[in-house]
Amino acid sequence: MVHTDQELQIRPITEADIPILWDLIYKDESPEWKKWDAPYYDHVHVPYEQYWQDRLRIIESPSFWVIEVNQHIIGIVSYYWEHEPSLWLEVGIVIYDPAYWSGGYGTRALTLWIDHLFTAMPLVRVGFTTWSGNERMIAVGYKLGMMLEARLRKCRLYNGVYYDSIRMGILREEWNHHQMQSEV
């Protein structure tokens, strides 16, 4: 299953993607993308052999897909269950290649991903958690029609500075309304 928006697409991960993903995620010990994606957690290096051995966990996973632009993998979209019995799902996105930052690719990829999730599952709400230092992610949330649902003040310590933890979300009916407004 592939979801497309012009030259951008999201799709399940294949075995052929494993070496590319390892290069993007683990090749560098201190990658640029990690400065924005929860930098208060250490970036733990995974040797290629181990990543290859664990590949079956993400190949064709419903919760972890690649983002491609012109058939070039630039990042991933994902989801995890905060509480599956109540269908409380949180999404994530990482654009690994800085050349694709601030170009609207993240907004477009998350739009496809959230649309897919609302279509594929009986979800009531989709949300994400980020930190106040990631202003681009917060802006994406607002562009997608999300609301600021929680701001936990000064609970993320990074480089000696405290940042807020930010939770944003959107309900299915709000998403449908936002998508109809976007098409006008």
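Which residues does Asp 17 touch, not counting residues up to four places away in sequence? The tour returns to this question after a view of the whole chain.

**Before selecting anything**

The model is predicted: local features need pLDDT of at least 70, side-chain atom pairs count only at pLDDT 80 or more, and totals for chains, interfaces and linings use all residues. Residues are numbered from 1 along each chain as its sequence is written, and side-chain values use heavy atoms, with hydrogens and water left out.

**The whole chain**

Display the protein as a cartoon and colour by secondary structure. The protein has 5 helices and 8 strands; these are DSSP runs, with helices being H or I of at least four residues and strands E of at least two, numbered from the N terminus. Their order along the sequence is β-β-α-α-β-β-β-α-β-α-β-β-α. The radius of gyration is 16 Å, close to the 16 Å given by the globule rule for 184 residues, so the protein is as compact as a globular protein of that length. That radius is taken over C-alpha atoms, and the rule is 2.2 Å times the number of residues to the power 0.38. The C-alpha trace spans about 45 × 45 × 35 Å along its principal axes.

Switch to a surface. About 10,200 Å² is exposed, of which carbon and sulfur atoms supply 53%; accessible areas come from the Shrake-Rupley method with a 1.4 Å probe, and for residues only the protein chains shown count as cover. Buried residues make up 47% of the 184 residues, where buried means under 20% relative accessible area, exposed over 50%, and partly exposed in between (1.4 Å probe, protein chains only). Among contacts (heavy atoms within 4.5 Å) between residues at least 6 apart in sequence, 62% join residues at least 24 apart.

**Stop 1: Asp 17**

Select Asp 17, in the loop between strand S2 (8-12) and helix H1 (18-26). Asp 17 is buried, with a relative accessible area of 4%. Leaving out residues up to four places away in sequence, Asp 17 touches Arg 11, Pro 12, Val 66 and Ile 73. Add Val 66 to the selection: this residue is 49 residues from Asp 17 along the chain, and the two C-alpha atoms are separated by 8.5 Å.

**Stop 2: strands S4, S5 and S6**

Select residues 72-83, which form strand S4, together with S5; the two pair in the antiparallel sense over 8 bridges. Two strands are taken to pair if DSSP finds at least two bridges between them. Within this pairing, Tyr 79 has Val 91 in S5 as its bridge partner. S4 and S5 form a hairpin with 4 residues between them, and Leu 87 in the turn has a positive phi of about 60°.

How many of the 8 residues of S5 (88-95) are buried? The count is 7, and S5 is mostly covered.

Now add residues 125-131, strand S6, which pairs with S5 in the parallel sense over 2 bridges. Glu 90 has Gly 127 in S6 as its bridge partner, and Leu 89 stands opposite Val 126 in S6. S6 is likewise mostly covered, with 6 of its 7 residues buried.

**Stop 3: Thr 130**

Stay in strand S6 and select Thr 130. Is Thr 130 buried or exposed? At 6% relative accessibility, Thr 130 counts as buried. Apart from neighbours within four places in sequence, its contacts are Met 137, Ile 138, Asp 164, Ser 165 and Ile 166. Select Ala 38 as well: the C-alpha atoms of Thr 130 and Ala 38 are 7.2 Å apart, although 92 residues separate them along the chain.

**Stop 4: the S7-S8 hairpin**

Select residues 147-158 (strand S7) and 161-171 (strand S8), which run antiparallel and are joined by 8 bridges. Leu 148 has Met 168 in S8 as its bridge partner. The hairpin has 2 residues between its strands, and Asn 159 in the turn has a positive phi of about 50°.

**Stop 5: two loop residues with positive phi**

Select Glu 60, in the loop between helix H2 (48-53) and strand S3 (64-69). Its phi is near 60°, a positive value in a residue other than glycine, and at 52% relative accessibility Glu 60 counts as exposed.

Finish at Ser 102, in the loop between S5 and helix H3 (105-120). Phi of Ser 102 is also positive, near 60°, and Ser 102 is exposed, with a relative accessible area of 67%.
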